[in-house]
Amino acid sequence: MENLVCQLRTILEPLELAELFLKPQPLEVELGCGDASFLVKYARQNPEKNFIGVERLLGRIQKLDRKGQRAGLANLRGVRIESAYFLEYLLPPHSAGALHVYFPDPWPKKKHRRHRLINEHFPALARNALTPGGTVFLRTDDRDYFQQMNEVFSAAKEFEKAETPAELAEVVTDFESDFNSQGIPTLRAAFRLRG
Ligand SMILES: C[S@@+](CC[C@H](N)C(=O)[O-])C[C@H]1O[C@@H](n2cnc3c(N)ncnc32)[C@H](O)[C@@H]1O
């Protein structure tokens with residue numbers, strides 16, 4: 001199998017999804033996928049969907065390749081790039097049925113909060129990325145960031161609160177499993193784009 005991490009020909013044009021995947025299937029994206037623990041499990045459980053993991057660190061996106069190849073996954077690809085840029089410029093508009101954002105860097109210092117991915121600009125990026133009725137699934141351990149996530153989506157009237165299906169919540173991420181084993185609970189939210 002070829003390398004699962006896309007060799008981008010250009011970062012100025014949207015990806016050709018038909019060139020990326022063997023089968024045209026509904027697409028879901030994880031932003032900041034880390035070592036792809038979540039995506040490899042979830043892609044294996046959902047062979048009828050295609051998945052893209054976005055991650056800026058080389059060492060981590062290489063793990064997506066190694067783990068995905070080992071699992072023989074034809075429905076998983078990785079892109080090494082910054083998440084907001086990916087949504088704005090590389091993902092074809094209205095192509096993803098779900099965006100998964102799990103344990104994004106919390107930037108706890110007040111002066112660094114502008115670096116947070118889920119900020120007041122994010123709902124507009126998500127709206128452009130999602131298919132009608134598509135959903136943003138969020139998890140964090142950070143109470144302040146969780147409040148910010150809820151605030152920015154409450155202010156975005158095109159989104160409504162949704163539930164995380166139990167079978168999705170059961171698939172834990174690498175960071176989540178570390179936090180949970182230390183007794184730190186997962187804070188979870190989901191927001192659905194009104195159809
Ligand atoms: C705290 S880790 C969580 C990883 C994974 N989601 C998990 O739950 O195990 C955050 C990940 O997001 C990546 N990351 C942070 N900001 C990013 C950005 N703006 N674009 C792409 N990746 C980013 C980091 O390199 C890191 O791998």
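A residue is called buried when its relative accessible area is under 20%, exposed when over 50%, and partly exposed in between (1.4 Å probe, protein chains only). The structure discussed here is a predicted model, in which local features need pLDDT of at least 70, side-chain atom pairs count only at pLDDT 80 or more, and totals for chains, interfaces and linings use all residues. Residues are numbered from 1 along each chain as its sequence is written, and side-chain values use heavy atoms, with hydrogens and water left out.

A good place to begin is helix H3, which covers residues 58-70 (helices are DSSP runs of H or I with at least four residues, numbered from the N terminus). Gly59 belongs to this helix and counts as partly exposed because its relative accessibility is 39%. Its C-alpha atom is separated by 8.3 Å from that of Asp35, a residue 24 positions away along the chain. Arg60 also sits in H3 and, at 35% relative accessibility, is partly exposed as well.

The cysteines come next. A disulfide is a covalent bond between the sulfur atoms of two cysteines, and here the term is applied to a pair of cysteine sulfur atoms within 2.5 Å. Searching the whole structure gives zero disulfides. For Cys6, the closest cysteine sulfur is that of Cys33, and at 11 Å it is too far for a bond. Cys33 is likewise in no disulfide. Both residues are buried: Cys6 has a relative accessible area of 14%, and Cys33 has a relative accessibility of 6%.

Terms used:
Helices (H or I, at least four residues) and strands (E, at least two) are DSSP runs, numbered from the N terminus.
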